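This report looks at selected helices, a strand pairing and the nonpolar cores of one protein model. Please keep the sequence and the structure in view while reading.

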Amino acid sequence: MHLRRKESIQLSARFAALFVLILLAITPFWDGVIAADMMSSQTFVMRALVAAVAVVVITNRAVSARWRRHFPYLPMLMLIVAACLLCVFGGNDPLATEKMHSTHSFLMLGIVVMIAIMPVTLVEAGILSLPILALVIVGGQGGLATGMIPLEMLLAVLVPLAVFSALVQLYRTITAAHEVAIDPLTGCYTRAFGMEMIKVTFDSAVRKKAPFTVAFIDLDDFKQINDRYGHDYGDRILGEVGDSLMNRFRRSDLVVRWGGEEFLILLPELDMYRAQEVLERVMAPGLAKLESGQVQKASVGLSERLEDAIALPQNLIELADRRMYDAKKRRDHDDMIADGLSGRYAPAKRSKASTPSGSSVRSVDQSAN
C-alpha cells in the first residue's frame with residue numbers, strides 16, 4: 001500500500017511539472033515575456049528557474065532515490081516553492097505586465113488542483129500548503145501584483161478544498177490497495193501483492209548483501225478435511241490458519257496466501273538457521289484446531305538466497321516449493337522442522353554447548369506440527 005501511494009504521489013508531481021512546462025511554454029506568446037526587453041527581468045529569470053525545476057521533477061532527478069522513498073512529496077514541494085517564488089518576484093517586477101501576473105496566478109491555481117489529486121496525509125498536505133499559505137499572507141498584505149485574478153482570495157478558498165480532496169484521495173487509495181492486497185478469507189496478503197513484494201524485498205536484500213529466506217507452507221490432508229466436513233468448515237480452518245500466521249511472525253515479515261491451502265512467508269534479513277528457529281516456534285502449537293481435537297499440521301520448505309546461491313526471487317520460491325513437497329512425501333510429523341537445512345550444504349545445529357563442526361545433521365524441510 002505504501003509503495004502504491006508513493007508511486008501515486010510521485011506520478012502526480014510529474015503531471016504537475018508537465019502542466020507547468022506546458023503553461024510556461026504557451027503563455028509567453030500571450031503575455032509577451034519573451035520580448036527582448038524582458039530577457040533580463042526578474043520575471044524571465046524566475047520562469048526559467050521554475051521550468052528547470054519542472055524538468056528535473058519530470059525526469060525524476062529532483063531528489064535522490066533514498067529521499068524519494070522516505071519523503072515522496074519532496075519533488076512536488078520543490079515545484080510549489082519555485083512557483084511561489086515566481087509569484088513573489090514577478091509580482092514585484094516593475095517590468096511585468098498585468099497579463100504576466102495573471103499567468104502566474106493561473107500557474108498557482110493549477111498547482112493547487114494537482115495537490116487535490118495527490119493521496120497525501122494531513123501532515124504532508126500541511127507541508128505542501130505552507131509555501132502557498134505564505135504567498136497568501138504576502139498577497140493579503142498588499143504590494144504583490146496578481147493581475148486580473150485576486151490570487152490571495154482564490155487561494156484562501158482553494159487550498160483548504162485541495163487539502164480535503166487530497167485526504168479523500170488518500171482514503172480511496174488505501175481502500176483500493178486493501179482490496180487488492182488483502183485476501184478476505186485469511187487476512188493474509190494476496191498472491192498478486194506477494195509477487196510485487198518479493199521482488200522489492202529481494203532487491204533490497206541484494207543491495208544490503210543481507211540474507212533473505214522464503215518459507216513455503218502447505219496444509220496437510222486439507223482436501224480430506226474439505227471432503228469430510230465441507231467447504232464452509234474448510235474456509236473456517238483457513239481463516240484460523242491465516243490468523244495464526246499473521247500473529248506469530250514479525251511485523252517486517254510478509255505472509256502471503258499463495259493459493260488454496262498454500263502460504264508463502266517472506267523472512268527478510270533472516271538466514272536459514274534463524275528462519276528454522278522461527279518456523280519451529282510458529283508451527284509448534286499447530287495452525288488451527290480441528291473438529292477431531294487435533295491441530296492442523298503443515299509441510300514446510302525453506303530456501304535462502306545466499307546459502308542456495310539464488311539470483312532471482314522466482315527461483316527462490318520454486319526451490320522452497322520443491323523442498324516443501326519433499327517434506328510432504330516424507331510425512332515426518334514427529335519433527336516440527338529438521339535440525340539441518342538443505343541447500344548447497346547443511347550447517348550443523350547450533351546449541352548453547354559447543355558442537356563439533358562435523359556432527360551429523362538431519363535432512364532439512366520436514367513436515368511440521
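What follows describes a predicted model, beginning with a helix and moving on to the cores and a strand pair.

Helix H7, which covers residues 122–140, spans 25 Å from its first C-alpha to its last, close to the 27 Å expected for its 19 residues at 1.5 Å a residue. H7 nevertheless bends by about 40° at Leu130, and Pro131 follows within four residues. The buried residues of H7 include Leu128, Ser129, Pro131 and Ile132, and just after the helix Gly142 adopts a positive phi of about 85°.

Leu128 and Ile132 also belong to the largest nonpolar core, which has 43 residues, and together with Val20, Met76, Leu79 and Ile80 they touch the most other members. Helices that each supply at least two residues of this core are listed below.

| Helix | Residues |
|---|---|
| H1 | 2–26 |
| H3 | 42–58 |
| H5 | 74–91 |
| H6 | 98–116 |
| H8 | 151–181 |

H7 is likewise one of these contributors, while H5 gives the most, with ten residues. A second, separate core of 29 residues includes Leu219, Ala275, Val282 and Leu290.

Strand S1 (residues 212–219) runs antiparallel to strand S4, and seven bridges join the two; one of the pairings sets Asp218 opposite Ser299 of S4. S4 itself, residues 298–304, is mostly covered, with seven of its seven residues buried. Ala298, Val300, Leu302 and Glu304 point one way from S4, whereas Ser299, Gly301 and Ser303 point the other way.

Conventions: Residues are numbered from 1 along each chain as its sequence is written. This is a predicted model: local features need pLDDT of at least 70, side-chain atom pairs count only at pLDDT 80 or more; totals for chains, interfaces and linings use all residues. Side-chain values use heavy atoms; hydrogens and water are left out. Buried means under 20% relative accessible area, exposed over 50%, partly exposed in between (1.4 Å probe, protein chains only). Two strands pair if DSSP finds at least two bridges between them. The expected span of a helix is 1.5 Å times one less than its number of residues. The bend at a residue is the angle between axes fitted to the seven residues ending there and the seven starting there. A nonpolar core is a set of buried Ala, Val, Leu, Ile, Met, Phe, Trp, Tyr and Cys residues joined through side-chain atoms within 4.5 Å.
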